Amino acid sequence: MNAKYAAELRKLCANYTKDAEMSAFNDVFTPGKFDNMYYKNLQNGYGLLESDQAIAFDNRTRPFVDRYAANETAFFDAFAKAMEKFSEQRVKTELNGDVRRRCDQYNDYKG
């Protein structure tokens, strides 16, 4: 990972429990756009997490990173197929499931 980007991320996240407005994006160059820039960033060492960056250098996953970075249409097609498969999974609802208000915490139910 790029040392300067890592340092900036550490600084950004230093007060994540106190700053409700803090955001760390997987893609710092086009954070408000759905595109293939995430994969281009990985090729340039700008993965947000070490586990993200690892897929760009692992022989098993690098071909996907390279394909999606070079061809946005291929990424969109693969994403659409993955979402379709995901939608076929059994979703937990009502008393069997819960959507977290914050991804890093369980919802607090006092009752």
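These legends go with close-up views of a predicted model.

**View 1. Aspartate 58 pairs up with arginine 60.** Here's one of the two salt bridges in the structure. Aspartate 58 and arginine 60 are the partners, and their closest N and O atoms sit 2.6 Å apart. How exposed is each partner? Aspartate 58 is partly exposed, at 23% relative accessible area, while arginine 60 counts as exposed, at 67%.

**View 2. A salt bridge inside helix H4 links arginine 62 and aspartate 66.** The two side chains meet with an N to O distance of 3.5 Å. Both residues belong to helix H4, which covers residues 62-70, and they're four residues apart, or about one turn of the helix. Arginine 62 is partly exposed, with a relative accessible area of 36%. Aspartate 66 is partly exposed too, with a value of 29%.

**View 3. Nine residues make up the largest nonpolar core.** The tyrosines here are Tyr38, Tyr39 and Tyr68, and the alanines are Ala56, Ala69 and Ala74. Leu42, Val65 and Phe75 complete the set. Which helices supply at least two residues each? That would be helix H2 (37-43), H4 and helix H5 (72-87).

**View 4. A closer look at alanine 69 and its contacts.** Alanine 69 is one of the residues of the largest nonpolar core. Set aside the neighbours within four places in sequence, and what does alanine 69 touch? It's in contact with Asn36, Tyr39, Lys40 and Gln43. Among them, Tyr39 also belongs to that core.

Conventions:
Residues are numbered from 1 along each chain as its sequence is written. This is a predicted model: local features need pLDDT of at least 70, side-chain atom pairs count only at pLDDT 80 or more; totals for chains, interfaces and linings use all residues. Side-chain values use heavy atoms; hydrogens and water are left out. A salt bridge is a side-chain nitrogen of Lys or Arg within 4 Å of a carboxyl oxygen of Asp or Glu. Buried means under 20% relative accessible area, exposed over 50%, partly exposed in between (1.4 Å probe, protein chains only). A nonpolar core is a set of buried Ala, Val, Leu, Ile, Met, Phe, Trp, Tyr and Cys residues joined through side-chain atoms within 4.5 Å. Contact means heavy atoms within 4.5 Å.
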